[in-house]
Each structure stands twice: as structure tokens, then as C-alpha cells.
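Work through the exercises below with the predicted model at hand. Each task is followed by a stepwise solution.

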Amino acid sequence: MSSETHNILKLIFRKIRWEGAKQWYRMHHDVEVIGITGSVGKTTTKEILASVLSAKYAVLKSEKNFDPIFNIPQTLLKIRGSE
């Protein structure tokens, strides 16, 4: 497989994953999302916030410090309903 073909397939897969994650999120109306931005302290803030919120709520957080292009849809697809 050529490098160009590989890059095209990677972009197609990324688009499909994003669209799937958006649709999955739309199906779960009761889910709140918190985004943390900045240049310093995001992982620490995420961990502290998840710890505090988990005392009262079901919390889903990204597990690793991956690129958001990969991590956001991967995390959204882990949402499960409150059955």
C-alpha cells in the first residue's frame, strides 16, 4: 500500500470515527461533557475533577493523554446508558 493510499484511508477512518462518535453522543441526551483546555495542567485538572465529580455522578474520562483527534471520539464511544 502506498503512503498516499495509507494517508487517505487514515483520513476516511478518522472521519467515520468522528461521525460515529457524534451520533452516539446525540443518542445520550442526559450526558454532560466538560472540556478542559490550556497549555499547562490539563491532565492534573482532569484527574482532580473526575475524582471530585465521581463522588456523586457516574464519570467517564479519557484514559490517556492522546491527541484529541483520536481521544475525543474514542472517549465518546465509551458512553453507556444508565440502564
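**Exercise 1.** Classify lysine 61 as buried, partly exposed or exposed, and find its salt-bridge partner.

*Solution.*
1. The relative accessibility of lysine 61 is 25%.
2. Buried means under 20% and exposed means over 50%, so lysine 61 counts as partly exposed.
3. Lysine 61 forms a salt bridge with glutamate 47, with the closest N and O atoms 2.5 Å apart.
4. This pair links distant parts of the chain, 14 residues apart: glutamate 47 sits in helix H2 and lysine 61 in the loop between H2 and H3.
5. Glutamate 47, at 33% relative accessible area, is partly exposed as well.

**Exercise 2.** Determine which residues are joined into one network by salt bridges that share partners.

*Solution.*
1. The whole structure holds four salt bridges.
2. Glutamate 19 pairs with lysine 15, closest N and O atoms 3.3 Å apart. Because they are four residues apart in helix H1, about one helical turn separates them.
3. Glutamate 19 also pairs with lysine 22, at 3.0 Å between the closest N and O atoms. These two lie three residues apart in helix H1, again about one turn.
4. The shared partners join Lys15, Glu19 and Lys22 into one network.

**Exercise 3.** Describe the lining of the largest pocket.

*Solution.*
1. The largest pocket has about 1,300 Å³ of space and is lined by 34 residues.
2. Val33, Ile34, Leu60, Lys61 and Thr75 lie nearest its centre.
3. Helix H2 gives the largest share of the lining, six residues.
4. By type, the lining has 16 nonpolar, 10 polar and eight charged residues.

Conventions
Residues numbered from 1 in each chain as written. Predicted model: local features only at pLDDT ≥ 70, side-chain atom pairs only at ≥ 80, totals over all residues. Heavy atoms only, no water. 1 Å grid on protein atoms, 1.4 Å probe; cavity = no way out; pocket = protein on both sides within 12 Å on 5 of 7 lines; lining within 4 Å. Points joined across faces, edges and corners; volume = space filled by probe spheres on them. Nonpolar A, V, L, I, M, F, W, Y, C, P; charged D, E, K, R; others polar. Salt bridge = Lys/Arg side-chain N within 4 Å of Asp/Glu carboxyl O. Buried < 20%, exposed > 50% of the residue type's maximum accessible area, 1.4 Å probe, protein only.
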